[in-house]
Structures are given as structure tokens and as C-alpha cells.
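Student: Hi! Could you walk me through this structure with some questions and answers?
Tutor: Happy to. Let's look at it together and take one topic at a time.

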Amino acid sequence: KKKEVSDSIPNEMSGDFSISYYKSGGMVPSYTSIQLHVGECTIESKTENEQDPAIKSFQITNKDLQPLYKELKQIKAFTLKSRKEEVSDRGGESVSYTINNTTYNVSDNGMNFIVDSDQEAFSKSLNLITAFANRYSS
């Protein structure tokens with residue numbers, strides 16, 4: 001049996017676990033950035049019509065983050081695959097996860113496209129991350 005990358009991801013959340021989410025509007029000058037880890041987290045967003053980005057800071061604990069880690073691990077969110085295509089000015093979404101000093105990048109923006117078989121899990125992972133951030137920042 002071939003060893004999958006997802007096999008090396010611990011069942012328990014590592015102390016350095018973090019999520020960095022970025023959504024870009026492509027040709028439209030808008031973006032959303034979410035940084036999640038134990039301690040102070042941020043959501044920064046800017047729409048096309050705003051001069052300055054809106055920034056929200058909030059605190060989360062290890063206990064807050066653990067259920068999100070478990071849900072993301074369950075759907076193998078850390079190891080979703082993408083393919084490359086020659087395109088320009090395409091917006092999209094990407095997530096970097098840090099687990100035990102290893103960074104896992106999952107990207108569906110620019111020239112990176114999530115493979116069809118991973119689309120559903122990618123979509124679910126983005127919903128989990130954004131819902132978590134919005135819940136703790138409000």
C-alpha cells in the first residue's frame with residue numbers, strides 16, 4: 001500500500017497549527033485574508049469600492065481550534081490536489097495549513113485548479129474556515 005501524505009498528519013492538532021486563507025478577486029481589486037491560530041487572529045477584507053481594508057482581530061484558544069482541525073482532517077483538507085493550467089488574471093481561493101512545522105498549500109487560484117475529485121472537500125473546507133472565522137470574530 002502506497003503511503004499517503006495524509007497518513008503523516010497527526011490525529012491530534014499540533015501546537016503550531018495555523019490556517020492562512022486568501023481569496024482574491026483576480027482583475028477586481030478585492031480580497032479577503034483570514035489568519036487562524038491559537039492567540040490573536042485576523043480577518044482582513046477589502047472590496048472594490050473601499051479605500052482601506054476592514055480588519056477584525058479576535059482571540060481563539062486551543063480548545064476553540066481543535067474541532068475545526070478534526071473536521072478538516074476528516075475530509076483530508078490538508079492534502080487536496082490541484083492541477084496547473086495556463087490562465088491569467090484569474091482570482092480564486094487558497095489555503096495554507098501549518099502542522100508540526102510543515103506547510104501544506106491547497107490552491108484554486110491563478111493557474112492552480114483543484115482536481116475534480118477534490119472539489120467537494122475543498123468547498124467544504126472553505127465553508128468550515130470562513131464560518132469559524134465569522135463566528136469567532138463577531
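**Strands, helices and rings**

Tutor: Let's start with one pair of strands: β2 and strand β3 (residues 39-46) pair in the antiparallel sense over 5 bridges. Please keep in mind that this is a predicted model.

Student: How many residues lie between β2 and β3 in their hairpin?
Tutor: These two strands are antiparallel partners. They form a hairpin, and the stretch between them counts 1 residue.

Student: Which residue of β3 stands opposite Y31?
Tutor: Look at the antiparallel pairing of β2 with β3. Across from Y31, in β3, you find K46.

Student: How many bridges join β3 and β4?
Tutor: β3 and β4 are antiparallel too. One facing pair is T42 with S57 in β4. The number of bridges between β3 and β4 is 7.

Student: What is special about G26, in the turn between β1 and β2?
Tutor: Strand β1 (residues 18-24) pairs with strand β2 (residues 31-37) in the antiparallel sense over 7 bridges. Within that pairing, I19 stands opposite L36 in β2. The hairpin of β1 and β2 has 6 residues between the strands, and G26 in the turn has a positive phi of about 70 degrees.

Student: What are the bridge partners of Y22 in β2 and in β6?
Tutor: β1 pairs with β2, and 7 bridges also join β1 to β6 in the antiparallel sense. In β2, Y22 stands opposite S33. In β6, the bridge partner of Y22 is S94.

Student: What is the order of the strands in the open sheet?
Tutor: We have already met several of its pairings, including β1 with β2 and β1 with β6. The sheet is open, has 6 strands and uses antiparallel pairing; its order is β4-β3-β2-β1-β6-β7.

Student: Which strands are at the edges?
Tutor: Read the order β4-β3-β2-β1-β6-β7 from end to end. An edge strand pairs on one side only, and here these strands are β4 (54-60) and β7 (102-109).

Student: By how many degrees are neighbouring strands of this sheet turned against each other on average?
Tutor: Take the 6 strands of the open sheet. Ignoring direction, the average turn between neighbours is 10 degrees.

Student: At about what angle does helix α1 run to β4?
Tutor: Helix α1 covers residues 62-74 and lies across β1, β2, β4 and β6 (92-99). Its direction relative to β4 is about 100 degrees.

Student: How many helices and strands does the chain have?
Tutor: Follow the elements from the N terminus, and they run β-β-β-β-α-β-β-β-β-α. The secondary structure comes to 2 helices and 8 strands.

Student: Why is the chain called as compact as a globular protein of that length?
Tutor: For 138 residues, the globule rule gives 14 Å. The chain comes close to that, so it is as compact as a globular protein of that length, with a radius of gyration of 15 Å.

Student: What percentage of the contacts with a separation of 6 or more is between residues 24 or more positions apart?
Tutor: Here we look at contacts whose residues have a separation of 6 or more in the chain. Residues 24 or more positions apart account for 57%.

Student: Now the rings: are those of Y22 and Y31 stacked or edge-to-face?
Tutor: The count of aromatic pairs is 6. The ring centres of Y22 and Y31 are 6.0 Å apart, and the planes meet at 15 degrees; planes under 30 degrees apart count this way, so the pair is stacked.

Student: Is Y31 buried or exposed?
Tutor: Buried means under 20% relative accessible area. Y22, at 35%, is partly exposed. Y31 has 19%, so Y31 is buried.

Student: What is the angle between the planes of F132 and Y136?
Tutor: Both residues lie in helix α2 (residues 119-137), 4 residues apart, about one turn of the helix. F132 is buried at 3%, while Y136 is partly exposed at 26%. Their aromatic pair is tilted, 4.5 Å centre to centre, with the planes at 40 degrees.

Student: Which ring does R90 lie over?
Tutor: R90 lies over the face of a ring, at 3.8 Å from the ring centre. The ring belongs to F113.

Notes:
Residues are numbered from 1 along each chain as its sequence is written. This is a predicted model: local features need pLDDT of at least 70, side-chain atom pairs count only at pLDDT 80 or more; totals for chains, interfaces and linings use all residues. Side-chain values use heavy atoms; hydrogens and water are left out. Two strands pair if DSSP finds at least two bridges between them. Axes are lines fitted to C-alpha atoms, for helices over the stretch in contact, and angles run from 0 to 180 degrees between N-to-C directions. Contact means heavy atoms within 4.5 Å. Rings of Phe, Tyr and Trp (its six-membered ring) pair if their centres lie within 6.5 Å; planes under 30 degrees apart count as stacked, over 60 as edge-to-face and the rest as tilted. Buried means under 20% relative accessible area, exposed over 50%, partly exposed in between (1.4 Å probe, protein chains only). A charge sits over a ring if NZ of Lys or CZ of Arg is within 6 Å of the ring centre and within 35 degrees of the ring normal. The radius of gyration is taken over C-alpha atoms; the globule rule is 2.2 Å times the number of residues to the power 0.38.
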